[in-house]
Amino acid sequence: MSTASTTPLAEGTADGPVPVKTGPSGPRARSARAYLLYVAGKLGGAAVSLFAVLVTSFFLFRIIPGDPVRTMTHGRQVSAEQLASLRRQFGLDLPLWQQFTDYCGKALSGDLGTSYQFHAPVGELISEKLPATLLLTGVAVVIYSVLGLWLGTRSAWRHGGLGDKVNTGVALTLWSVPSFWLGLLLIITFSVGIGPIPGMFPTGGMESGDASGFAYVTDVAHHMVLPVVTLVAVGYAQTLLVMRSSLLDEMGSDYLTTARAKGLRDDLVRRNHAVPNALLPTVTMVFINLGHVAAGSILVETVFSWPGLGGLFYQALSVPDLPLVQGLFVVFAGAMILMNLLADLLYPLLDPRVGR
Amino acid sequence: MDTTTVPRNARPHPHIRTLLAVGATALAIAAAAATPLNPAPQQAKAAGSDGKRTLTVAVSQSVDSLSPFLAQRLVSTSVHRLVYENLTNYDVKDNHAIPGLATKWEPSPDKLTWTYTIRENSKWSDGKQATAEDAAWTFNTMMSDEGAATANGSFVANFKKVTAPSPTKLVIELKKPQATMAALDVPIVPKHAWEKVGDFSKFNNDKKFPIVGNGPFVLTDYKVDQYVKLKPNKQFWRGAPKFDELVLKYYKDGDAAVAALQKGEVSFAANLTPAQAASLSKAKNIKVNDAPGRRFYALATNPGAKSKDGKKFGNGHPALLDPKVRQALFAATDRKTIIDKVFQGHAVEGEGYIPPRFAAYHWKPADGQKIAYDPAKAAALLDEAGYKKNSAGKRVGKNGKPLDFRILCHATDPNDKAIGKYMQEWWGELGIGLKVDCLDNVSDPWLAGEYDLAFDGWSVNPDPDFVLSIHTCAALPATPKDTGATDNFICDKKFDELYAQQTAEYDETKRADLVKQMQSRLYDTGYMNVMAYPNAVEAYRTDQIKSITTMPASGGNLWGQDGYWSWWSAVPADADGSSEDSGSSTGLVVGIGAAVVLAAGLGVFVALRRRSTAEDRE
């Protein structure tokens, strides 16, 4: 699998705009061809990775011990005939190789099978819950990336100062806090209310169920506040630390001294000269985080009863509901592959040396 | 280096600004949303601002299906109890069968034909009459379609033929006598709404609302893992429920559900831990209901796993085949400590197999029969069985091997782990080693017979047939590779004889006596020993619910009843002062929220201004 993190990253030096000859045999055409080749290579790699995921997901989850039919009917009044019928219904009575060929054939046509426990197509179950997860973790990742970038930049620029110490100290403390514990504290403080703090947010869920139109949007936003705050609080430290350290690496560079010597204001030197060069490691991390968005956060989704994929994955594993586990595995891995691909495709644009 | 080269890499800069702007906007929106501009929907009050009285119940289990042919989980079957009528219902006082959709039922003299009289005053929520034809169609569909038999197929396994000679007469012919004919927990569905269904194994009944039913409630809306909404069925023959709406709302985390109850967002929460119950018992306007449960919690031993064809499999400890060893282990288990320390008082000490809640079938061992906690007796029994202590204090068999057992424990159940620790200590003093194997999925070693002991537990129905059937020889797997309906491979001829007798016994008193004899036999053989009956611990808001019927009516529970009594009977509390309290603070919070939004907006504006002028200067 190709990963963004293995791609060479830009260093302090930067290339200037190269005077180019126009024409079909000129450097621009060559570089376009090189880029196309690079893109084709990355696309091919992604396709191979996706196929590997399909195969792995089938066999990996067959290793999980347990008889799914017996487990899902445990505690219920079922006869041996019913168990046999359920097995037939889900194709579990077939030999493994036949189950595998059936699975591959169906997966290629977009059919991920039928969930054992919900009796519904896996694709439908996932698409029902995907938007909620994308919304929650997507917003959180965007906010904590921006916040981390901003605070990381500030911290590095005035490193060693009180602001830097407080900033990194708070971030590291929050990073070490378990998300479910912080979530529960927020619920007790801001949902139920303590002392003079009134309970102003819902204790869980994604909507109240009786709003529509704009009221629905504000209702969902209202429900999102605490889970987003939890995810941001425990997540922004990572971006902050990466941004801080890569900017610190840049700080002694000659080109910054030159920029200052030109008489540019300090914050312009930081924003226009230092930050762009220090950005690449952070971009890699942001994309990896975006890849995780689909998987959501099982703990935060559980504490805030958010109807997303995290909870679905937990339920699928506890049965084990093989088609659902496999489907979710493919979606999660697919999202990572896609995000890595996007990062790979973006690199040559951020750093022209990549892909040549 | 030429500084003119820098701007090329500085291109992402405008993006950062955009990202910052987006982030700032998101934060501002979050801050704006933080102000409870519209707090009413968050408060599941007994009487909302529109006068609508909503009863909100916190649930955690996902609905597996809204089709009664497929649904197996408690939350789904509880919903079906409210939406569809079964032929019979259970009396709220003592669980005996009472009329449901059927007003009368009687067997033929040969015990093979049952005739039910269907009531004339039950209508489907779309206005059509509910008839015997609907019931016959429901049963026939389950008998002829494998998919439709998924959830309740075992109820019709012994049916030969089901007919509806008239709209009020249903006739069920059996292959052999069956004592559970007044306890058929099968929701009857409207034929006219269901006969168009193509594949019953995939139809989940969750796309079109309201769902046509004839129970006390009509299912009006459902969103996966968010809520199930029900409205009263005004035409319900027993009378419509008093609340204007019943909402099952999802809380995946128990502590969050308790927080919601404290806040008043929900009216009821079940499955409380001892700590949650203790904290809620001090809260204002909340009543904790600590009711006798319908579950038993037992210590099961592997009696030597074997299949119906007589083949032995698994690796259960041979010492456990000796009744004296089994008896010693149980005599060395202090049930009182388990109740006091592990369940913290929210359980009753176990004896017979059927919990005391089902009084008609509950059995207690006689004085001489009872295995009390007695470590000295346990030691004597082990000595008699030939497992004497060696110099190191370990019990050793005649073959010189120390007596070491494994016990299967559910990793998700804290009680299993805690009790396992106590047992290690008690049995350790006797000289027995115990390894507690806590697994996420215990089914695999269990089905393979690869265990010595296991923590076992079942929820018992008002009719005990099923929990007894899982210990019959007929429930064993056909071959070691198959899976039977057996719980832990018990196969005892005497138990089987009694089981066959009770199945065919239509006299309730005589049947109850047979059921008690079966429990006595199970107790004496000692393959399975009940340690406790855990209570159902739940809580509700008294400022939202004025009164509600428990089952059993005196001191019973509310969630997961055999019937629709709790939510059907709930009466809303008239007083509602909670919104008054939050009025002043709401104003304060709105003010603070507005100030935060204003400050955030101002900050973003100033920052952008500074940036643009800085760029101009550059």
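Visitor: Where does B:Pro552 sit in chain B?
Guide: In this predicted model, B:Pro552 lies in the loop between strand S22 (545–547) and H17.

Visitor: What kind of peptide bond joins B:Met551 and B:Pro552, and what is omega there?
Guide: That's a cis bond, with omega at about -5 degrees. Chain B has another cis peptide bond, joining B:Phe209 and B:Pro210, and omega is about -5 degrees there too. B:Pro210 belongs to the loop between helix H6 (191–194) and S8.

Visitor: On to S8, then. What is notable about phi of B:Asp225?
Guide: Phi is positive, about 55 degrees, although B:Asp225 is not a glycine. You'll find this residue in the loop between S8 and S9 of chain B.

Visitor: Why is B:Asp225 called buried?
Guide: The cut-off for buried is under 20% relative accessible area. B:Asp225 has 4%, so buried is the right word.

Visitor: How about B:Asn95: what is its phi, and where is it found?
Guide: Phi of B:Asn95 is near 70 degrees, again a positive value in a residue other than glycine. B:Asn95 is in the loop between S2 and strand S3 (97–99) of chain B.

Visitor: Is B:Asn95 buried or exposed, and how do you know?
Guide: Exposed would need over 50%, while buried means under 20%. B:Asn95 comes in at 11% relative accessibility, so it goes down as buried.

Visitor: What makes you say that H3(B) is mostly covered?
Guide: Eight of its ten residues are buried. Among them are B:Val75, B:Ser76, B:His80 and B:Arg81.

Visitor: What do the buried residues of H3(B) pack against?
Guide: Strands, for the most part of the list: S1 (54–59), S2 (88–90), S8 (217–223), S9 (227–232) and S10 (245–250), plus helix H17 (565–569), again in chain B.

Visitor: Why does B:Ser76 count as buried?
Guide: B:Ser76 has 0% relative accessibility, which is under 20%, so it counts as buried. The residue is part of helix H3 (residues 74–83) of chain B. Beyond neighbours within four places in sequence, B:Ser76 contacts B:Val63, B:Asp64, B:Ser65 and B:Ala71.

Visitor: Let's switch to chain A. How do you know that helix H8 of chain A isn't straight?
Guide: Set its span against the expected one. A straight helix of 38 residues would span 56 Å, yet H8 (residues 214–251) spans only 47 Å between its end C-alpha atoms.

Visitor: Where does the kink in H8(A) lie?
Guide: At A:Val225, shortly before the proline A:Pro227, and the kink is about 40 degrees.

Visitor: Which residues form the nonpolar patch on the surface, and how many of them come from helix H7 of chain A?
Guide: A:Phe180, A:Trp181, A:Leu185 and A:Leu299 form the patch, with about 380 Å² of accessible area together. Helix H7 (residues 179–192) gives the largest share, three residues.

Visitor: Why is A:Leu185 called partly exposed?
Guide: Partly exposed is what lies between the buried limit of 20% and the exposed limit of 50%. A:Leu185, a residue of helix H7 of chain A, has 35% relative accessibility, so partly exposed fits.

Visitor: And what share of chain A is buried?
Guide: Buried residues account for 54% of the 356 residues. Chain A has 13 helices and two strands. Its accessible surface is about 15,400 Å², with 69% belonging to carbon and sulfur atoms.

Conventions: Residues are numbered from 1 along each chain as its sequence is written. Chains are lettered from A and ligands numbered from 1 in the order in which they are written. This is a predicted model: local features need pLDDT of at least 70, side-chain atom pairs count only at pLDDT 80 or more; totals for chains, interfaces and linings use all residues. Side-chain values use heavy atoms; hydrogens and water are left out. Helices (H or I, at least four residues) and strands (E, at least two) are DSSP runs, numbered from the N terminus. Buried means under 20% relative accessible area, exposed over 50%, partly exposed in between (1.4 Å probe, protein chains only). Contact means heavy atoms within 4.5 Å. Patches are made of residues with over 30% relative accessible area and no salt bridge: like charges are joined within 9 Å, nonpolar side chains (Val, Leu, Ile, Met, Phe, Trp, Tyr) within 5 Å. Accessible areas come from the Shrake-Rupley method with a 1.4 Å probe; for residues, only the protein chains shown count as cover. A salt bridge is a side-chain nitrogen of Lys or Arg within 4 Å of a carboxyl oxygen of Asp or Glu. The expected span of a helix is 1.5 Å times one less than its number of residues. The bend at a residue is the angle between axes fitted to the seven residues ending there and the seven starting there.
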